[in-house]
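Biologist: Could you take a close look at one part of this model for me, and then show how that part sits in the rest? I work with force fields, so please give me the cut-offs as you go.

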Amino acid sequence: SSDLPNTKLLADGNQMTVDEDGSELTQLDVSAYRTIRLSVDNWVNSPAPVVIAVSHVDQPNTINANLITALDSFAVPPGGSVSRVYEVPGEVVAFLASPEPPPLAGIEIDFTVSGRAD
């Protein structure tokens, strides 16, 4: 058996400020992974819940790139933490964060995305 961990960190951000009109956390080719885990913490002093959206991307890295199917969307309240696992073989996935309406400045989050190939 292998001593290598089965989970690989694919992206992370600490003390990331979410723009009033939304921020892309990361866009990843997850075709090498069977499942991915997204974890988000909304800082306790954030002025509002943050809405996290996870979407497949069509024609990534081209001028025609656009978000197609939404995999998930959920809100994380100030001081809250959410972790979710997705089965997303062979896809490019974008992770987006935006203030729960109305647009507000000052939301800060930490996030990680990790992948498992098995």
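Modeller: Happily; I will go through the open sheet, two residues in it, and then its surroundings.

A word on the ground rules: the model is predicted, so local features need pLDDT of at least 70 and side-chain atom pairs count only at pLDDT 80 or more, while totals for chains, interfaces and linings use all residues. Residues are numbered from 1 along each chain as its sequence is written, and side-chain values use heavy atoms, with hydrogens and water left out.

The protein chain has zero helices and eight strands, where helices (H or I, at least four residues) and strands (E, at least two) are DSSP runs numbered from the N terminus. Four of these strands form an open sheet with the order 2-7-4-5 and antiparallel pairing. Strands 2 and 5 are its edges, each pairing on one side only. Two strands count as paired if DSSP finds at least two bridges between them. On average, neighbouring strands of this sheet are turned by 20° against each other, direction ignored; axes are lines fitted to C-alpha atoms (for helices over the stretch in contact), and angles run from 0 to 180 degrees between N-to-C directions.

Strands 2 and 7 pair in the antiparallel sense over six bridges. Within strand 7, L96 is the residue that E24 stands opposite.

Now for V92, which also lies in strand 7. V92 is buried, at a relative accessible area of 15%; buried means under 20%, exposed over 50% and partly exposed in between, with a 1.4 Å probe and protein chains only. Its C-alpha atom is separated by 5.9 Å from that of V30, although the two residues are 62 apart along the chain. Leaving out residues up to four places away in sequence, V92 touches Q27, L28, D29, S55, H56, V57 and P60, a contact being heavy atoms within 4.5 Å.

H56, on that list, belongs to strand 4. H56 is buried too, with a relative accessible area of 12%. Beyond its neighbours within four places in sequence, H56 contacts N66, L67, I68, T69, L71, V88, E91, V92 and V93.

From edge strand 5, D72 reaches out to R84 in a salt bridge (2.7 Å, N to O). R84 lies in strand 6 and D72 in strand 5, so the pair ties together parts 12 residues apart in sequence. A salt bridge here is a side-chain nitrogen of Lys or Arg within 4 Å of a carboxyl oxygen of Asp or Glu. D72 is buried at 16% relative accessible area, whereas R84 is partly exposed at 31%.

What packs around the sheet? The largest nonpolar core has 26 residues, and L25, L38, V50, I52, F95 and I109 touch the most other members. Strands 1 to 8 each supply at least two residues of this core. Such a core is a set of buried Ala, Val, Leu, Ile, Met, Phe, Trp, Tyr and Cys residues joined through side-chain atoms within 4.5 Å. Contacts of I109 include L25, V40, W43, V50 and A97.

Finally, the whole chain: 38% of its 118 residues count as buried. Among contacts between residues at least 6 apart in sequence, 79% join residues at least 24 apart.
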